[in-house]
Amino acid sequence: LAGTRIICDRKFLLECKNSPAARTPPCCLPQTPGVTSLAQSSLVKLEELKEQNESEEAMPGEQPRATAP
């Protein structure tokens, strides 16, 4: 068996985790809803939850009501 084995120490790998390049998606990455970006339905759901939380904060005296899934 022929091949190249790349050996990295633990310290180097932990430093790579915090690198700015590791946190930035590649520029040529395709936008796939639900995979590389949030699905459109998820964005709508996030907005609804945000509005619900804001309305609950505006009325602190009321009990939170249960919502059906």
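In the predicted model, a negative patch lies on the surface and is formed by Glu-47, Glu-48, Glu-51, Glu-54, Glu-56 and Glu-57. One of these residues, Glu-54, belongs to helix H3, which covers residues 40-58. The relative accessible area of Glu-54 is 45%, and this residue is therefore classed as partly exposed, since the value falls between the 20% and 50% limits.

Helix H3 is part of a chain that holds three helices and zero strands. Read from the N terminus, the order of elements is α-α-α. The chain has 69 residues, and buried residues account for 0% of them. Its accessible surface amounts to about 7000 Å². Carbon and sulfur atoms contribute 58% of that surface.

The cysteines were examined for disulfides. A search covering the whole structure returned zero disulfides. For Cys-8, which takes part in no disulfide, the nearest cysteine sulfur is that of Cys-16, at a distance of 7.2 Å. A disulfide requires the two sulfur atoms to be within 2.5 Å, so the pair does not qualify.

The accessibility of two cysteines was also computed. Cys-8 has a relative accessibility of 37% and so counts as partly exposed. Cys-28 has a relative accessible area of 67%; because this value is over 50%, Cys-28 is classed as exposed. Like Cys-8, Glu-54 of the negative patch is partly exposed.

Key:
Residues numbered from 1 in each chain as written. Predicted model: local features only at pLDDT ≥ 70, side-chain atom pairs only at ≥ 80, totals over all residues. Heavy atoms only, no water. Buried < 20%, exposed > 50% of the residue type's maximum accessible area, 1.4 Å probe, protein only. Patch = residues over 30% accessible without salt bridge, like charges linked within 9 Å, V, L, I, M, F, W, Y side chains within 5 Å. Areas by Shrake-Rupley, 256 points an atom, 1.4 Å probe, with all protein chains shown as cover. Salt bridge = Lys/Arg side-chain N within 4 Å of Asp/Glu carboxyl O. Lys, Arg positive; Asp, Glu negative; His and termini not counted. Charge placed at Lys NZ, Arg CZ, Asp CG, Glu CD. Helix = DSSP H or I, 4+ residues; strand = E, 2+ residues; numbered from the N terminus.
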